[in-house]
Each structure stands twice: as C-alpha cells, then as structure tokens.
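The following report describes a two-chain structure, moving from one buried helix outward to its surroundings.

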Amino acid sequence: MIELDGLTKRFGNKVAVDRLSCRVRPGMVTGFLGPNGAGKSTTMRMMLDLDNPTSGSVRIDGKHYRDLDEPLKHIGALLDAKSMHGGRSAYNNLLCLAQSNRIPESRVAEVLDTVGLTAVAKKKSKGFSLGMGQRLGIAAALLGDPQVLLFDEPVNGLDPEGIHWIRNLMKALAAEGRTIFVSSHLMSEMALTADHLIVIGQGRLLADMSMADFIHQNSRSYVRLRSPQQERLRDVLHEAGLIVVETGGGILEIDGATTEALGELAAQHQIVLHELSAQRASLEDAFMQMTADSVEYHAHSDHVAAPPPAGPQWGDQWNERTGGGPAGTGREV
Amino acid sequence: MASVPAVLTSEWTKIRTVSSTVWTLISAFVVTVAMGAALCALMNSQFDDLPPAQRATFDPTFISFSGMVLGQLAMVVFGVLVVGTEYSSGMIRTSLAAVPQRGSFLFSKVAVAGVLALVVGIVTSFVAFFLGQALLGDHRTDIGAEHVLRAVVGGGIYMGLIGIFSMGAATMLRSSMLSLGILMPFFFLVSQILSAVPGAKKVARYFPDQAGSKIMQVVPDAMNSGTAPYGPWGGLGILLAWVAAALLGGYLVLKKRDA
C-alpha cells in the first residue's frame, strides 16, 4: 500500500506535482497514466525519497521511505534503464545492491534467471541493449522480494516478446498480493495490464478509478453513417430529433440511436446508405480528451483539421491543438 | 536504518568491481615512484651544479617524493571517479533507493575508498622513499634519521587525503567531468604557478596541496622552497581542514539536492 497525501513538488515557479492524494492498493496492478511531463516520474522519485516534496508526504506501508529498514525488502523500483554502472558486470551491479540491504547473494542469480539475463551475468552492463538494461533494472527491483513494486515506463525499449513478458510478470506479481504501480503514457498499454487507473495531468489528479469504470464511463458508442444524399439524410435525422455530428468526408456520427433504428429510418425515406456501422471511441481518445487541457507539449502543425463538427465531440480539444493528426482521430471499430 | 557494515561491504564491492579503481591507483603508484626515482638519480649526478641555496637546504627525503606532483593527479582521478561515476551512470538513484540515509551512504563510500587511498598512499610513499634513497648515492638519508619516518608516513597520508578531498569535491559538483575539469588544472597548474608568484605566494601556501606537502619535508624550507607560517603538522592540519570542508559541503549538497 502506498499513500500519497497532498504531495506537491515545485521547481521554481513551475508546479510539477500539485496536491496529489491517492492510494495504491495491494493485490492489483495500478496504472499511473499521464501525458509526457505530467509529473509521473517526479511523483515516483518522491515515493522513493530521491526528490524532496515541496509539501505533502508519501507513506509506504504506513512509513516514510527513509524510515524503512532495508528498503529494498519493502519496495523495489525500476526508474529508468540507465541506473547501473556500465563498467560493472550485471552480477556485480546487483551484488552491491543486495549487500547494502543484507539480501543473500543467492538472490542475485535467482533474479538474473527470472529476467533471463543469466547468460550475460558476467558481462559489463554498458554493452547491454535498452531492453537488456530494462531487464536488469527489473531484476534489481525484484532483488529484495518486495511487497511493493514501482515501474516507470517499463515497456520502453522492449521488443514485443519483452512487452508480453513484463505484462505477465506484473500480473503474476499482483496476483501474489503485491502492490504494483506502473506508469505509462499509453492508454492502450494500460488497458491490457492495469486493474486500476490513476490519471494525472500537469501534476493534478484527473481520475482515480477502476479500469472497468474508466472503460464504462469513457467509451462512447455511436453510429457512423455515410450517404450520397447527405443533405437529405441530415434533415431527416434532425426531424427525428437526433444530434448529428459531421466529421468531414461525408461522414455523420449519431449518438443515442441503434443501427437498426437508423437503418429503418433511412429506408422509410428511401435514402441510399453507403455505410451504417456501430462505432466505439477508443480509450486512447478518452484519455486524450481527459488530459487535453493539461497536455504540456503540443505539436503544432499547419495541417488543417477536418471541418469543425456541429456538436461536441470526443477529442475536440485535442484535435484543435494538434491539427488533427492521425493519432488523435483514430477510432477503434 | 541501514546497517553500516552492510553498506560498507556494498561500497567495497562497488570499488573492487570497476577497472578504474585498479588503473588509477596503479598510476598513482607508478608515476610517483618512477618520477621520484628519476629525479633522485638526476639530483645525484647534478648535485654539484645546484645553486648554493638549494644545496644548503638539500632534503633527500623530500626529493624522493617529487613524483607526487604528478602522482597525486591519479589520486584525484581515483577520488573523483569513486563518487562521480554514481552520477554519470545514473547509479546514484539506485544507490540512494537502497540506502536512503544519505549520510550513511556518503560516509561509508568515503570510508572504504579513503582507507584504500591511504593504504596505497603509504605503500607508494615507502617504495618511493627507499628507491629514491638507493639512487641518491652519497646524498641519501636513512629512515632512522630524525623526522624522516614522519615525512614518509606523512607523504602517504598526504596522498590519501588528496584522494578523499577529491571525493568530497566530486560529491559537491555531482559530475566527474566537472570535478576533473576543476581539480586537475588546480593541482597541476594553478597551485604550482601561484606558489611561485611572489604576491600570490602568501595565499597559495594555504592551498590543500601546498600546505599538506610540508609534512614530507625533513629539512625546514627544503630545497629553498620559502618559509611558511606553519610547521609540517600545521600544514597537514590545513589539508585536513580542506578535506573536512569538502566532505561537509558534499554531505550538505547530497542531503539537500534531489538525486
């Protein structure tokens, strides 16, 4: 269990983390989501007592990090891939960590085996690829067999096999009753691993809810229509009291109606349809919508976005800000 | 609280498992001994050509430590790398997550590396002395002579303290490159040049290396090096004060700053 209470970090005038209060519970994977620069890494560094909070506190199992007796036995962390001395072998890097917390040397070989680095244990870690460095960092996190594990962007630099491996590892560790806290800027990645979500933007808490609730609340479903008789179709839909959103390219999106009802309506008025499909906004869209106001680094582009829609739409703000890049408008079918 | 013996063991593992430890300490030994031996041999052959003032204050012990001017630079590199690689490699975050008591972390590291530097310094000092005396021929002195043992042991302590001073400085500067960029020119050039400039001399003799090296002199103002307002032990005291200040500064920076 990790408890954040009013955690705040200021760098000069800039507020990196703003009165963040939440709990990370055991027995599940908690995803820590936010755009780049949202304050995820700063928050994690404060959890480990590496950065001093401007105000507020973090408690690990009720204790301040500094008061933990041999902290690696309570909490393990993967902060970034570059956190070991490159001139030292993987084995020796882990050995000096183990010794500092009186962890038996036999654990070093065990965790190297767990992450699949046994073959390169005696090699200097500066020759490691990003993925191998990431595995070594995970081995260091597992060294003290801790009940709480923090992973900062663990899938960065891993190949698909590695990503699959780390997902399963996190789920298995959570199933053993451990507290798993994993940060990411990719909603799609979290959707596959996390049971619970904490979303932040510009250091502020935006959401703290279960993954199921997040999906339920944020995945909007709508029907997409395309017709050569677009004008007439729009009039008919308006007469039926439906809200029509025009997204350009002759596509109409309708909320709150089924494909059956819309198909029959079109048939009644003898309107030709080229497309009639049920759509679901992706979680990525929902995440972007949620954090749109707090995205710190916007891409600017002269690329003109699609004509403005008639009504409110998921990802509007994002689209305006980014000029409607493909990532912003992509939808799951 | 982290167990201090455990942290000491861990720091010893860190030091013995990187190759930079071995090559910096071997360089410190080889350079000091070789350069000292060369100068002793030169002095032996050129003794009659020395200016009278230098002949009057000829100090065979001090001459055998001539190599320390260069050898101490390797000690500086050792001290800087012990601390600096924690920062350059990113290891510092891993280390502090394992040992969040920053005082225990820093002083365990300095204790282990400092003892090693002192041991290497003492060995270097004795080897440089005996080899140097063997090459000085008729002008040699003996370890049993007055103040000579003090100078030889002091020379070793001096080298160790220069290494520890560098560890403190690197902890304050949090970077190997920056630390080396400041300390190397300081010890190799600035301190040496200022100590020869008449006006700056008065300030330069309070520099860590100028003050600390007094302990290696048996003859007062050896080799016509000029009088200092402190004796050998006073000089070592000044160096110790520099070391304490560097360590305190390093501790405060480590304690206050975000890792």
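In this predicted model, the buried residues of α6(B) are B:Met91, B:Ile92, B:Arg93, B:Thr94, B:Ser95, B:Leu96, B:Ala97 and B:Ala98. Helix α6 of chain B spans residues 91–98, and eight of its eight residues are buried, so that the helix is mostly covered. The buried residues of α6(B) pack against elements of both chains: β5 (75–78), α2 and α4 (130–142) on the side of chain A, and α5 (68–89) and α7 (102–136) within chain B.

The contact between the two chains draws 30 residues from chain A and 27 residues from chain B. On the side of chain A that touches chain B, helix α2 (residues 90–100) gives the most, with six residues. By class, the residues on that side of chain A divide into twelve nonpolar, nine polar and nine charged.

Helix α2(A) also has a partner within its own chain, since it packs with helix α3 (residues 106–114) of chain A at an angle of about 130°, the two axes lying 9 Å apart. The angle falls neither over 145 degrees nor within 65 to 115 degrees, and α2(A) and α3(A) are therefore oblique to each other. Their crossing is right-handed. From α2(A) the contact takes A:Ala90, A:Tyr91, A:Leu94, A:Leu95 and A:Ala98, while α3(A) contributes A:Arg107, A:Val108, A:Val111 and A:Leu112. Sorted by class, this contact of α2(A) with α3(A) holds eight nonpolar residues, no polar residues and one charged residue.

Strand β5(A), against which α6(B) packs, belongs to an open sheet of six strands in chain A, ordered β5-β6-β7-β3-β8-β9 and with mixed pairing. The edge strands of this sheet are β5 and β9 (204–210) of chain A, each of which pairs on one side only. Averaged over the sheet and with direction ignored, neighbouring strands are turned by 15° against each other. Between β5(A) and strand β6 (residues 148–152) of chain A there are four bridges, and these two strands run parallel. A:Ala77 stands opposite A:Leu150 of β6(A). Helix α1 (residues 40–47) of chain A packs on the sheet, where it touches β3 (28–33), β6, β7 (179–184) and β8 (196–201) of chain A, and its direction makes about 150° with that of β6(A).

Two residues of chain A deserve a separate note for their backbone angles. Most residues other than glycine have a negative phi. A:Arg19 and A:Gln270, neither of them a glycine, have positive values, as the table sets out.

| Residue | Phi | Location in chain A | C-beta neighbours inside 10 Å |
|---|---|---|---|
| A:Arg19 | near 40° | strand β2 (residues 14–24) | 15 |
| A:Gln270 | about 55° | loop between α9 (259–268) and β13 (275–280) | 8 |

How do these neighbour counts classify A:Arg19 and A:Gln270? With 15 neighbours, A:Arg19 counts as partly exposed, because its count lies between the limits of 12 or fewer for exposed and 20 or more for buried. A:Gln270, with 8 neighbours, counts as exposed.

For chain A as a whole, the secondary structure comes to twelve helices and 13 strands. Of the 333 residues of this chain, 42% count as buried. Among the contacts in chain A between residues at least 6 apart in sequence, 70% join residues at least 24 apart.

Methods:
Residues are numbered from 1 along each chain as its sequence is written. Chains are lettered from A and ligands numbered from 1 in the order in which they are written. This is a predicted model: local features need pLDDT of at least 70, side-chain atom pairs count only at pLDDT 80 or more; totals for chains, interfaces and linings use all residues. Two residues are in contact if their C-beta atoms, placed from the backbone, lie within 7 Å. Ala, Val, Leu, Ile, Met, Phe, Trp, Tyr, Cys and Pro count as nonpolar, Asp, Glu, Lys and Arg as charged, and the others, Gly among them, as polar. Two strands pair if DSSP finds at least two bridges between them. Axes are lines fitted to C-alpha atoms, for helices over the stretch in contact, and angles run from 0 to 180 degrees between N-to-C directions. Angles under 35 degrees count as roughly parallel, over 145 as roughly antiparallel, 65 to 115 as roughly perpendicular and the rest as oblique. A crossing is left-handed if the near helix is turned anticlockwise from the far one by less than a right angle, and right-handed if clockwise.
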